[in-house]
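Please open the model in your viewer and keep the sequence panel beside it. The tour below moves from one selection to the next and says what is found at each stop.

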Amino acid sequence: MRTGDFAKWTRRFEDERERRRVEGDPDWGRGARLDPAVWAGIRRFQVGEDGDGANLVGKADQAGDGDYARAVRLFVAEERNHARLLARLLAAGGVPTLAGHWSDTVFVRLRRLMGLRLELLVLMVAEVVALRYYRALRDGTDDALTSDVAGRILSDEQRHVPFHCERLHSSLAELPRPTRRPVMAAWQLLLLAASLVVATDHGPALRRLGVGRRRFVADVVSSSGPVVRAVLSPRPDAWTHTI
């Protein structure tokens, strides 16, 4: 990978950080009222967003591209901000955060066993699932504060996916050509499995947000095509799909 390929991503993350600073936080004083099942789903996603990212940052440093390492740190900072926003949303509804959840524990341990390429593939599963969840949360409730928070997070996630696609494109280019599509086919199977787990675990919440289990899984799976094309394409930054 040419040095400087990820400088544009560093600028994008820094521009977004400045935009957030100027915009400020949502109006937490409005409070939030949601169905208990929806609160339960938010609590689980908050746990998933709440991590220091040290393992990913360390692997990014070892990759030898300073611009990429800087961009990864800014990505991790955005993810931690998501955890903060969700925690404040829960507080606005008088709902405590969770100390942990089994799904996040499994996910983190799986990622940490791998090198950068495989960690990003697993991370991308979470990012693509999150796209559909946060859209459902933004559009499926009449609570203004919840829609505001979900919309902010969704906007970030829509930027994170092409960022990871670009790095994975460069990483998979190091593999023999015949192995690249099978790798992404395996990724699609992992995405399907993860979407089924989330749909089962969050079924009551998804129904109250106007998205049934089957539709949620179908939407997540359908979004995998543009991701695969972006990773395998010579121009992965062209990813513009919104689920």
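**First stop: T146**

Select T146, which is found in helix α7 (residues 144-172); helices here are DSSP runs of H or I with at least four residues, strands are runs of E with at least two, and both are numbered from the N terminus. This is a predicted model, in which local features need pLDDT of at least 70 and side-chain atom pairs count only at pLDDT 80 or more, while totals for chains, interfaces and linings use all residues. Residues are numbered from 1 along each chain as its sequence is written, and side-chain values use heavy atoms, with hydrogens and water left out.

T146 counts as buried because its relative accessibility is 0%, where buried means under 20% relative accessible area, exposed means over 50% and partly exposed lies in between (1.4 Å probe, protein chains only). Show the contacts of T146 next, a contact being heavy atoms within 4.5 Å: leaving aside neighbours within four places in sequence, T146 is in contact with A32, L34, L89, L137 and T141. A distance drawn between the C-alpha atoms of T146 and G93, which are 53 residues apart along the chain, should read 9.8 Å.

**Second stop: two helix pairs**

Now colour α6 and α7, which pack at an angle of about 155 degrees with their axes 8 Å apart; the axes are lines fitted to C-alpha atoms, for helices over the stretch in contact, and angles run from 0 to 180 degrees between N-to-C directions. The two helices α6 and α7 are therefore roughly antiparallel to each other, given that angles over 145 degrees count as roughly antiparallel, under 35 as roughly parallel, 65 to 115 as roughly perpendicular and the rest as oblique.

Turn then to helix α1 (residues 7-23) and helix α4 (residues 66-92), which pack at an angle of about 30 degrees with their axes 8 Å apart, and α1 and α4 are therefore roughly parallel to each other. To display this contact, select A7, W9, T10, F13, E14, E16, R17 and R20 of α1 together with D67, R70, A71, L74, F75, E78 and N81 of α4.

**Third stop: the core**

Select I42, Y134, F163, W187 and F216, which touch the most other members among the 66 residues of the largest nonpolar core, a nonpolar core being a set of buried Ala, Val, Leu, Ile, Met, Phe, Trp, Tyr and Cys residues joined through side-chain atoms within 4.5 Å. Helix α6 (residues 116-139) gives the most to this core, with 14 residues. Centring on F216 and leaving aside its neighbours within four places in sequence, one finds contacts with V129, R132, Y133, S195, V198, A199, L206 and V211.

**Fourth stop: H202**

Move to H202, in the loop between α8 (177-201) and α9 (203-208). Is H202 buried or exposed? H202 is buried, with a relative accessible area of 5%, and H202 touches G41, R44 and F45, not counting residues up to four places away in sequence.

**Last stop: the whole chain**

Zoom out to the protein, which has ten helices and zero strands, and in which buried residues make up 49% of the 243 residues. Among contacts between residues at least 6 apart in sequence, 81% join residues at least 24 apart.
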